[in-house]
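Work through the exercises below with the sequence and the coordinates open. Try each task before reading its solution.

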Amino acid sequence: MTTTLAPAHRPVRRPTARPALRPWSHLPRRYAVALGVDALGAGLLRPFLLLYGVSVLHLTAGRTGLALTVGLFAGLAAVPLTGRWIDRGARSSAAALALLLRALGVVVLMAADGPVGFTAAVVVLGVGNQSWPTAHAAVVTAVTEGRARDAALAAGRSLRNAGLGLGALIATAVLAGGAGALRTLAAVTGVAFLAAAALTFSLRLSGTRRRAAGRPAATPDAPAAPVAAVRLGVLGIANLPYAFCFDVLEVALPALLVTRLHASAAWASGIFVGNTVLVIAAQVAVVVRLGRRARRSALAGAGLLLAASYLGFWAAGSLGGTAGAIGLVAVAVPYTLGEILYTGSGTALVVASAPPERLGRALARWELSTGLGKALAPAALTALLGVGPGALWGALAAATALGAAAVRRWGPAI
């Protein structure tokens, strides 16, 4: 017998009012502090792991990069385990363990004296880093619901971006101290992760809200009928091209500016800073503003806006020289809006669609597809740019538009 996947129906219930723009009021204060401490610690060290391997441990750049890749894929392999643990009732304990693994990774890093120790450290850090988004979303789900949950998730992303940016600025300022300064940064990061883990574990959240009869409690915008697992699977596959957007600013645009437009690298830095500021400032407001729209529509719209932005980057780059660089800066604004829509609706759609007893596995599949996209993006983007700007931006636009069409037609209608 064959089964066909029919288009999703209209949602039976849709919110009638947007939540107030006070997302932090929905999160425990200790957890909000933990998020800030964790983000600052990650900003102090994460961008400089490569420098730590080269400058402190005197490894070659190639060996250091290989170790970081191993750590990334080891972390992705652990994500499904995190999802299953969440489905067994873990909430704050899963998030606290992810933070503890980061702290442990820093301890191993500081004790390392060669490639084996460095690889072990980045593997432990990778498991903690990749497990964190799934565990964090589960914690937010345990203390909020409906559109307030979407706003809380958006606030967490804004805070994390701010912490990463501030931490990176502090780290840059002290890098003149050389290897000793890098060791100090590692130690401060480890303490930050440990403090965040203690705050998170103290919440002691577990399980899901239940009715007296033992069935999962309904939320204000829950689907009227269970969402088919195949729809969540389609969502994960469609997410793969979306996830490439994160490396466009860090890989594709800098390479295009320097190798094709022969412009200063400062243009790429300016675009990156502008993107970060816009994400921090607008993430929560955009998510709250979209409170009356279906999450599926927002995610599909994000894909179309990203695809249009890629075509805009292609057109701007064809101008060449300074004019091309200015054009890329202009297109980066709608691109950033597309990124905000994507991050603001993707996880929220998965959480709202997944049955409570399979929330962990649904989040794990979503984060696994995001992680795979991020892992594949640098090599894929540079290879496509080697063929030509048309191949790069055309392939990105086509793949992302196809993902958006799949989300709109078959994604959960919530």
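## Exercise 1: The overall fold

In this predicted model, buried residues make up 50% of the chain's 414 residues.

Task: State how many helices and strands the chain has, and what pattern they follow along the sequence.

Solution.
- Step 1. Count the elements. The chain has 14 helices and zero strands.
- Step 2. Read them in order. The pattern is α-α-α-α-α-α-α-α-α-α-α-α-α-α.
- Step 3. Look at contacts with a separation of 6 or more. Of these, 85% are between residues 24 or more positions apart.
- Step 4. Turn to the surface. The accessible surface is about 17900 Å², and carbon and sulfur atoms account for 67% of that area.

## Exercise 2: A salt bridge between helices 1 and 4

Task: Find which residue's side chain meets that of Arg-102 in a salt bridge, and state whether the two residues are buried or exposed.

Solution.
- Step 1. Recall the principle. Side chains of opposite charge can pair when their charged atoms come close.
- Step 2. Find the partner. Arg-102 meets Asp-38, with an N to O distance of 2.4 Å.
- Step 3. Place both residues. Arg-102 is in helix 4 (residues 92-111) and Asp-38 is in helix 1 (residues 29-45), so the bridge ties together parts 64 residues apart in sequence.
- Step 4. Check burial. Arg-102 and Asp-38 are both buried.
- Step 5. Extend the view. Asp-38 and Arg-102 are linked with Arg-160 in a network of salt bridges. The structure holds five salt bridges.

## Exercise 3: The partners of Asp-150

Task: Explain why the salt bridge from Asp-150 to Arg-295 ties together separate parts of the chain.

Solution.
- Step 1. Start with Arg-147. The side chains of Asp-150 and Arg-147 form a salt bridge of 3.6 Å, N to O. The two residues are three apart in helix 6, so about one helical turn separates them.
- Step 2. Move to Arg-295. Asp-150 also forms a salt bridge with Arg-295, and the closest N and O atoms are 2.7 Å apart. Asp-150 lies in helix 6 and Arg-295 in helix 11, so this pair ties together parts 145 residues apart in sequence.
- Step 3. Apply the burial cut-off, under 20% relative accessible area. Asp-150 has 3%, so Asp-150 is buried. Arg-147 has 12%, so Arg-147 is buried. Arg-295 has 2%, so Arg-295 is buried.

## Exercise 4: Two polar contacts

Task: Identify the residues whose side chains make polar contacts with the side chains of His-136 and Thr-343.

Solution.
- Step 1. Locate His-136. His-136 is in helix 5 (residues 115-143). Its relative accessibility is 11%, so His-136 counts as buried.
- Step 2. Find its partner. The side chain of His-136 makes a polar contact of 2.6 Å with the side chain of Tyr-31.
- Step 3. List its contacts, leaving aside neighbours within four places in sequence. His-136 is in contact with Tyr-31, Leu-35 and Leu-153.
- Step 4. Locate Thr-343. Thr-343 lies in helix 12 (residues 321-353). Its relative accessible area is 13%, so Thr-343 is buried.
- Step 5. Find its partner. The side chains of Thr-343 and Gln-283 make a polar contact of 3.2 Å.
- Step 6. List its contacts, not counting residues up to four places away in sequence. Thr-343 touches Arg-157, Phe-246 and Gln-283.

## Exercise 5: The bend in helix 9

Task: Say where helix 9 bends, and what covers its buried residues.

Solution.
- Step 1. Find the bend. Helix 9 (residues 245-260) bends by about 30° at Ala-252. A proline, Pro-254, follows within four residues.
- Step 2. Check the buried residues of helix 9. Among them are Ala-252, Leu-253, Leu-256 and Leu-257.
- Step 3. Identify the cover. It includes helix 8 (229-243), helix 10 (265-289), helix 11 (295-317), helix 12, helix 13 (359-387) and helix 14 (389-410).
- Step 4. Go past the end. Just after helix 9, His-262 has a positive phi of about 55°.

## Exercise 6: A nonpolar surface patch

Task: Name the residues of the nonpolar surface patch and the helix that gives its largest share.

Solution.
- Step 1. List the members. Leu-40, Leu-166, Ile-170 and Val-174 make a patch of about 290 Å².
- Step 2. Assign the largest share. Three residues come from helix 6 (residues 146-174).
- Step 3. Check one member. Ile-170 is in helix 6. Its relative accessibility is 37%, so Ile-170 counts as partly exposed.

Conventions. Residues numbered from 1 in each chain as written. Predicted model: local features only at pLDDT ≥ 70, side-chain atom pairs only at ≥ 80, totals over all residues. Heavy atoms only, no water. Patch = residues over 30% accessible without salt bridge, like charges linked within 9 Å, V, L, I, M, F, W, Y side chains within 5 Å. Areas by Shrake-Rupley, 256 points an atom, 1.4 Å probe, with all protein chains shown as cover. Salt bridge = Lys/Arg side-chain N within 4 Å of Asp/Glu carboxyl O. Buried < 20%, exposed > 50% of the residue type's maximum accessible area, 1.4 Å probe, protein only. Polar contact = N/O pair within 3.5 Å; in protein donor to acceptor, adjacent residues only side chain to side chain. Contact = heavy atoms within 4.5 Å. Bend = angle between axes of the 7 residues up to and from the residue.
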